[in-house]
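Hi there,

Here is the structure I promised to pass on. Please have a look at it first, and then read my notes below.

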Amino acid sequence: MSDDEELTYADAGVDIEASEAATSALVGAVGDIDESEYAGLLDIGDRYLALATDGVGTKLLVAEALGDYSTVGIDCIAMNANDLVASGVKPVAFVDYLAVDEPSETFSQQVGDGLAAGAEEAGVALVGGETAVMPEVIKGLDLAGACVGLAPKDAVFPGEAEVGDALVGFPASGIHSNGLTLAREAATRNYDYDDPFPLDAEDGGEARSVGEVLLEPTRIYTYLLDHLRDWDVHAAAHVTGGGWTNLSRMGEFRYEITDPFDAHPVFEFVQAEGNVSDEEMHRTFNMGTGFVVALPADDAESLAAETDGRIVGEVEEGDSVAIRGLELKG
């Protein structure tokens with residue numbers, strides 16, 4: 001593919017439709033599981049025990065290229081803890097799984113430092129983990145984990161938005177930990193990971209490398225949970241893989257987005273370098289907004305005022321996400 005050809009997530013190696021079909025096949029084989037739920041809930045009497053599992057993905061390849069694994073542990077905690085928050089559950093404990101082709105004290109220490117930092121920010125306990133050395137299976141390393149949470153039964157979100165709800169969004173910290181297969185392919189068409197990030201030079205900001213910008217850790221949203229429980233939140237969406245189509249996990253409605261947070265410079269960079277369409281960007285990345293909740297309009301202004309959120313849109317009849325002139329189908 002030439003550098004001026006339009007790049008898609010599928011071109012980069014990840015076909016979202018094929019991935020969703022494979023996931024549905026797995027879910028269908030193991031039993032009756034609701035794919036729209038961010039966490040599995042187990043009734044243990046007076047409350048729910050919740051479980052979520054996720055990994056860091058190909059962001060690890062950027063860390064490997066820079067020889068810097070100090071932040072990927074934060075991503076691992078964030079991707080799991082945020083999914084629990086999207087269900088209205090408080091994360092309480094985390095276990096990690098590190099698979100490597102050969103052991104290394106250096107990157108193990110760096111990964112551990114990131115996990116400790118992420119756990120402190122999320123307010124969870126690190127209660128163990130596993131390191132597997134599998135040279136015939138793994139090339140480099142893979143990092144994943146599982147997070148457990150607890151919630152009173154009346155604290156979990158119903159999970160379904162309602163027509164007329166307002167949408168309150170919360171800012172992302174950057175590209176987070178999804179879509180990196182596309183972002184890496186675009187970024188390295190004309191740059192190396194250790195090259196200066198060109199948009200930093202343009203705005204006079206602190207000089208960072210391309211790789212450092214891609215490695216910006218995923219924001220952790222556990223700080224929101226107490227605030228969300230103070231108001232009548234109907235549903236929440238963690239904007240990860242699938243980008244803005246994640247809002248459809250709050251129910252089949254039209255999500256009219258009128259005031260999203262601005263996209264970070266990294267998205268402008270990826271789009272320009274990969275000649276990526278607006279639709280593909282919004283189907284892949286958070287584009288500046290990492291978490292969204294649906295709640296009655298009367299409560300939305302109060303929630304936004306007491307947090308760093310703002311009203312970004314509303315819920316209407318329909319079955320799409322309308323944002324920046326696009327109509328995205330889930």
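I began with D142. Leaving out its neighbours within four places in sequence, D142 is in contact with L60, Y97, L98 and A99. Please keep in mind that this is a predicted model. D142 belongs to strand β5, which covers residues 141-152. Is D142 buried, partly exposed or exposed? Its relative accessibility is 37%, so D142 counts as partly exposed, given that the partly exposed class lies between 20% and 50%.

From there I went on to L228. D142 and L228 are 86 residues apart in sequence, and their C-alpha atoms are 33 Å apart in space. L228 is a member of the largest nonpolar core, which has 95 residues. Which members touch the most other members of that core? They are L167, L214, L228, L247, M250, F291 and V293. Helix α4 (residues 72-87) supplies the largest share of this core, with nine residues.

L214 is worth a look on your screen too. Not counting residues up to four places away in sequence, L214 touches K59, V62, I175, L180, A183, A187, Y193 and V266.

Next, two helix pairs. Packed helices are described by the angle between their axes and the distance between those axes.

The first pair I'd show you is α4 with helix α5 (residues 105-122): their axes come within 6 Å and cross at roughly 40°. That angle makes α4 oblique to α5, since angles from 35 up to 65 degrees fall outside the roughly parallel and roughly perpendicular classes. The crossing of α4 and α5 is right-handed. On the α4 side, the contact uses V72, G73, I74, C76, I77 and A81, and these meet V111, G114, L115, A117, G118, A119 and A122 of α5. By class, the residues of this contact are 10 nonpolar, three polar and no charged.

The other pair is helix α6 (residues 180-187) with helix α10 (residues 265-274), which pack at an angle of about 65° with their axes 8 Å apart. Here α6 passes α10 in a left-handed crossing. A183, A186 and A187 of α6 make the contact with F269, V270, E273 and G274 of α10. This contact has five nonpolar residues, one polar and one charged. Two of the α6 residues will look familiar, as A183 and A187 are also among those that L214 touches.

Happy to go through any of this with you.

Best wishes

Key
Residues are numbered from 1 along each chain as its sequence is written. This is a predicted model: local features need pLDDT of at least 70, side-chain atom pairs count only at pLDDT 80 or more; totals for chains, interfaces and linings use all residues. Side-chain values use heavy atoms; hydrogens and water are left out. A nonpolar core is a set of buried Ala, Val, Leu, Ile, Met, Phe, Trp, Tyr and Cys residues joined through side-chain atoms within 4.5 Å. Buried means under 20% relative accessible area, exposed over 50%, partly exposed in between (1.4 Å probe, protein chains only). Helices (H or I, at least four residues) and strands (E, at least two) are DSSP runs, numbered from the N terminus. Contact means heavy atoms within 4.5 Å. Axes are lines fitted to C-alpha atoms, for helices over the stretch in contact, and angles run from 0 to 180 degrees between N-to-C directions. Angles under 35 degrees count as roughly parallel, over 145 as roughly antiparallel, 65 to 115 as roughly perpendicular and the rest as oblique. A crossing is left-handed if the near helix is turned anticlockwise from the far one by less than a right angle, and right-handed if clockwise. Ala, Val, Leu, Ile, Met, Phe, Trp, Tyr, Cys and Pro count as nonpolar, Asp, Glu, Lys and Arg as charged, and the others, Gly among them, as polar.
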